Amino acid sequence: MFKRLIPAVALVVGITAVGAFAQKNPEDARAKEIVYEKPNEFKIFAAPEAVRAFAVHGNSLWYATAKQVILQPMNAKNHQPFQNMGGIPATDVTAIAIDGQGRVWIAAGGGVAMRQGSTFTAYTSANGLPEGAVNCLALGSGGDVWAGTDNGAARFSGGSWTKFTTEQGLVSNKVQALVADSRGNMYIGTNRGLSVYNGVKFDNYTHRNTGSNGLDMNNIKVLAKEPETDLIWMTDGPRNVVTYNGKEWNRYMDIHDGITSIMNDTRRTWFGSPTGLLRFNGDEWVSSAERHGVPAEQVYAMYRDPNGNLWFGMEKGVMMLNNPYRR
């Protein structure tokens, strides 16, 4: 059944160190929703500009604005800015990921920078990446790292990159989004459909083979996986959202323009965009900040940490919302 978006509203927020946002009109406790007895508690790590990408590791927060990458210790006020990352300019950053070894991977217009300890290593087409800007990153199984570009995808494993293009089976070389499931499959969103790599071969999906509830526009710019299942969420074209569980497809029509990120918190699914934040409980779309409890005008990236805290990269920093279910 298709769902339609509640009209978006403008949100106003003051940036503070710590605050609470009271829900004056909580929605009914139905589907996967709960009614909070306490206001949401959040902490904001302020930034001078919009945060387009970030990653959390232990007590460290890495985030990127249009002009620089910043390392912010969570227990200190001092931060460390980077304008250059081993030869990769810290501009046009699209994604940050931290692997199981604590290595920080940063995708940018000039390639991929990897920081281990206090040293950056630069990866470009000269040492294995496809040519051009890197659009996305994802951690795969077995400690490998994937990068997506306009000229194919690449997997870093065993100290080197392996490239994948339409010659190896990708549905398109323009890779716009990546996410891995728990079975070791890598989902690759492109401008011409979805490719799923199982370690041996690619299975490709478009409007031609996903049915009436599947892909429509084939233009996938955002991918996300539910943490407790292998349900994959994706954008499809300018306003549609589609889910895929490995067997069945489900399409939600005409949701919102410009979705930049998707996050599931095990009970609800969140959608970030330059015009605000939406929350879906399986039955209702909520765009009002007073109801979903996150006062953000713009949301570019999101993350749910192992403790259930929700993180939002927004117009002037990164917000951490304390685990809403640990109350």
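Which glycine takes a positive phi in the hairpin of strand 23 and strand 24? Select the four residues between these two strands, and among them you will find Gly 246, with a phi near 100°.

**Before going further**

This is a predicted model, in which local features need pLDDT of at least 70 and side-chain atom pairs count only at pLDDT 80 or more, while totals for chains, interfaces and linings use all residues. Residues are numbered from 1 along each chain as its sequence is written, and side-chain values use heavy atoms, with hydrogens and water left out.

**The whole protein**

Colour the model by secondary structure, and one helix and 31 strands appear; helices (H or I, at least four residues) and strands (E, at least two) are DSSP runs, numbered from the N terminus. Of the 327 residues in the protein, 53% are buried, where buried means under 20% relative accessible area, exposed means over 50%, and partly exposed lies in between, with a 1.4 Å probe and protein chains only. If you display contacts (heavy atoms within 4.5 Å), then among those between residues at least 6 apart in sequence, 46% join residues at least 24 apart.

**Strand 23 and its sheet**

Next select residues 240-244, which form strand 23; five of its five residues are buried, so this strand is largely enclosed by the rest of the structure. Show the side chains: Asn 240, Val 242 and Tyr 244 point one way, whereas Val 241 and Thr 243 point the other way, and all are buried. In a regular strand the side chains alternate between the two faces of the sheet.

Now add the neighbours of strand 23, keeping in mind that two strands pair if DSSP finds at least two bridges between them. Strand 22 (residues 232-236) pairs with strand 23 in the antiparallel sense over five bridges; on strand 23, Val 242 is the bridge partner of Met 234, and Thr 243 is that of Trp 233. The hairpin of strand 22 and strand 23 has three residues between the strands, and here Gly 237 takes a positive phi near 80°. Strand 24 (residues 249-252) runs antiparallel to strand 23 and is joined to it by four bridges, with Trp 249 in strand 24 as the bridge partner of Tyr 244.

Zoom out until strands 21, 22, 23 and 24 are in view: they form an open sheet of four strands in the order 21-22-23-24, with antiparallel pairing. Strand 21 and strand 24 stand at the edges with a single partner strand each, so one side of each is left without a neighbour in the sheet. Neighbouring strands of this sheet are turned by 20° against each other on average, direction ignored; the axes behind this angle are lines fitted to C-alpha atoms, for helices over the stretch in contact, and angles run from 0 to 180 degrees between N-to-C directions.

Then pick Leu 231, in the loop between strand 21 and strand 22. Leaving aside residues up to four places away in sequence, Leu 231 touches Ala 224, Lys 225, Glu 226, Thr 243, Tyr 244 and Asn 245.

**A second sheet**

Move to strands 13 to 16, an open sheet of four strands with the order 13-14-15-16 and antiparallel pairing. Its edge strands are strand 13 (134-139) and strand 16 (160-164), each pairing on one side only. Strand 13 pairs with strand 14 (residues 145-149) in the antiparallel sense over five bridges, and Ala 138 stands opposite Trp 146 in strand 14.

**The largest pocket**

Select Ile 96, Leu 137, Leu 178, Leu 223 and Met 302, which lie nearest the centre of the largest pocket among its 40 lining residues. Strands that each supply at least two residues of this lining include strand 3 (53-57), strand 13 and strand 29 (299-304).

**Two loop residues**

Finally, compare two residues with unusual backbone angles. Most residues other than glycine have a negative phi, and most peptide bonds are trans. Asp 92, in the loop between strand 8 (88-89) and strand 9, has a positive phi near 55°, and this residue is exposed, with a relative accessible area of 56%. Asn 218, in the loop between strand 20 (202-205) and strand 21, has a positive phi of about 70°, but at 9% relative accessibility it counts as buried.

How values were computed
1 Å grid on protein atoms, 1.4 Å probe; cavity = no way out; pocket = protein on both sides within 12 Å on 5 of 7 lines; lining within 4 Å.
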